[in-house]
Amino acid sequence: MIVTALLLSAAPARADDQALVRVIAEVASIRTGPGFGYRTVYRANQGEVLTVIGRATHDHWFRVELPDGTYGWILGDEVFPLDVDTAAAHQGPSIWKRMGHAVFSPSPLMIENVTFTFSAGILGGDGMFLFRPAVLLAPHVSLEAFVGETVGNQADVIYTGGGFNAYLFPASPVTPFVGGAAGGAFGRKKADQFAIQTGNYSMVNVGGGLVMSFKKRISVRGDVRHYVIFNANHTQRIQEYSGALAVFF
């Protein structure tokens, strides 16, 4: 194949030069293995440049590094080799760009559809655990449900409900967001004195936070939210401060 010959005949200028290919197909599927029967893990657009780290011993497939730091296989007919500019390589990108490339990956908000977030922190002064599944309607907006519990010395409170998150810069690996939700709270008595009385309550919250996307498909999230818990006879305002591991699909 032409591309194979070009890649093999192009001797690197230095031992640390990278083999690069540019995607020439309109959209190229990158798979878990060197064959069409393997699952697609990424779709590269025309013009995207990828680093080649290996070649299959059979057929015409190249193993490439993906923007999030993982790896996959692309058909050689869908790419074209690029020459490495050794003068530019000597100068190299700034230390901040190198650090950013080594640590962060592209935001999964641009390509994924579902996320599961596991939050832990403090809500109303008590330890909190929340599970937050969400559906991404667009890179800027998700609909999110939540269920979880706070565990305190005086009462345990179960929270359930749903709401939305709006992402301000979804293409950035560090993405701020704002959100709001509504639902219910159920306080379970543990002692004679407790912060939230037993029974069912309505609940609303507003706030925001950050989603940070790292290499190897690791995403973390932080939330700061203000809650109002109420019924006809009782109103209480509390705050959430939490961190979370987010998984995107």
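**Buried charges, ring pairs and confidence in a predicted model**

Arg225 and Asp223 are both buried. In this predicted model, the side chains of these two residues, Arg225 and Asp223, come together in a salt bridge with an N to O distance of 3.1 Å. Salt bridges with shared partners connect Arg132, Glu144, Arg221, Asp223, Arg225 and Glu240 into one network, and the count of salt bridges comes to six.

Arg132 takes part in two of the pairings described here. With Glu144, Arg132 forms a salt bridge in which the closest N and O atoms are 4.0 Å apart; this pair links distant parts of the chain, since Glu144 lies in strand 10 (residues 141–151) and Arg132 in strand 9 (residues 126–138), 12 residues apart. With Glu240, the side chain of Arg132 meets in a salt bridge at 2.9 Å, N to O, and here the partners are 108 residues apart along the chain, Glu240 being placed in strand 15 and Arg132 in strand 9. A residue is called buried when its relative accessible area is under 20%, and Arg132, with a relative accessible area of 2%, is therefore buried. Glu144, at 8% relative accessibility, counts as buried, and Glu240, at 0% relative accessibility, also falls into the buried class.

Aromatic rings provide another set of links, and a search of the whole structure finds seven aromatic pairs. The ring centres of Phe116 and Phe249 are 5.8 Å apart and the ring planes stand at 70 degrees, so this pair is edge-to-face. The pair joins distant parts of the chain, with Phe116 in strand 8 (residues 114–123) and Phe249 in the segment after strand 15 (235–248), 133 residues apart. Phe116 has a relative accessible area of 29% and is partly exposed, whereas Phe249, at 52% relative accessibility, counts as exposed. An edge-to-face pair is also formed by Tyr159 and Tyr227, with 6.1 Å from centre to centre and 70 degrees between the planes. These tyrosines, too, connect distant parts of the chain, Tyr159 lying in strand 11 (residues 155–167) and Tyr227 in strand 14, 68 residues apart. Tyr159 is buried, with a relative accessible area of 2%, and Tyr227 counts as buried at 1% relative accessibility.

Ring pairs also link Phe116, Phe118, Phe131 and Phe249 into a cluster. Two members of this cluster, Phe118 and Phe249, belong together with Ile218, Leu245 and Val247 to a nonpolar patch on the surface, which has about 460 Å² of accessible area in total. Val247 is placed in strand 15 and is partly exposed, with a relative accessible area of 30%.

Several buried residues show how separate stretches of the chain meet. Ile238, which is found in strand 15, counts as buried at 6% relative accessibility. When residues up to four places away in sequence are not counted, Ile238 touches Leu123, Gly124, Tyr159, Arg225, His226, Tyr227 and Ile229, a list that includes both tyrosines of the edge-to-face pair described above. The C-alpha atoms of Ile238 and Ile122 are separated by 10.0 Å, although the two residues are 116 residues apart along the chain. Ser219, located in strand 14 (residues 218–230), is buried at 3% relative accessibility, and the contacts of Ser219 beyond four places in sequence are with Pro108, Met212, Ser213, Ala244, Leu245, Ala246 and Phe248. Leu66 sits in the loop between strand 5 (61–65) and strand 6 (71–75) and is buried, with a relative accessible area of 3%. Apart from neighbours within four places in sequence, Leu66 is in contact with Ile30, Val41, Tyr42, Tyr71 and Gly72; the C-alpha atoms of Leu66 and Tyr42 are separated by 7.9 Å, while the residues are 24 residues apart along the chain.

Confidence in the prediction varies along the chain. The mean pLDDT of the chain is 83, and 81% of its residues reach 70 or more. Among the elements of the chain, strand 8 has the highest mean pLDDT (96), and helix 1 (residues 2–9) has the lowest (42). Over residues 86–90 pLDDT stays under 50, and the model has five contacts beyond four places in sequence for this stretch; over residues 192–196 pLDDT likewise stays under 50, with 13 such contacts. Where pLDDT is low, the predicted coordinates should not be read in detail.

Conventions: Residues numbered from 1 in each chain as written. Predicted model: local features only at pLDDT ≥ 70, side-chain atom pairs only at ≥ 80, totals over all residues. Heavy atoms only, no water. Helix = DSSP H or I, 4+ residues; strand = E, 2+ residues; numbered from the N terminus. Buried < 20%, exposed > 50% of the residue type's maximum accessible area, 1.4 Å probe, protein only. Contact = heavy atoms within 4.5 Å. Phe/Tyr/Trp six-rings, centres within 6.5 Å; stacked < 30°, edge-to-face > 60°. Patch = residues over 30% accessible without salt bridge, like charges linked within 9 Å, V, L, I, M, F, W, Y side chains within 5 Å. Areas by Shrake-Rupley, 256 points an atom, 1.4 Å probe, with all protein chains shown as cover. pLDDT = per-residue confidence, 0-100.
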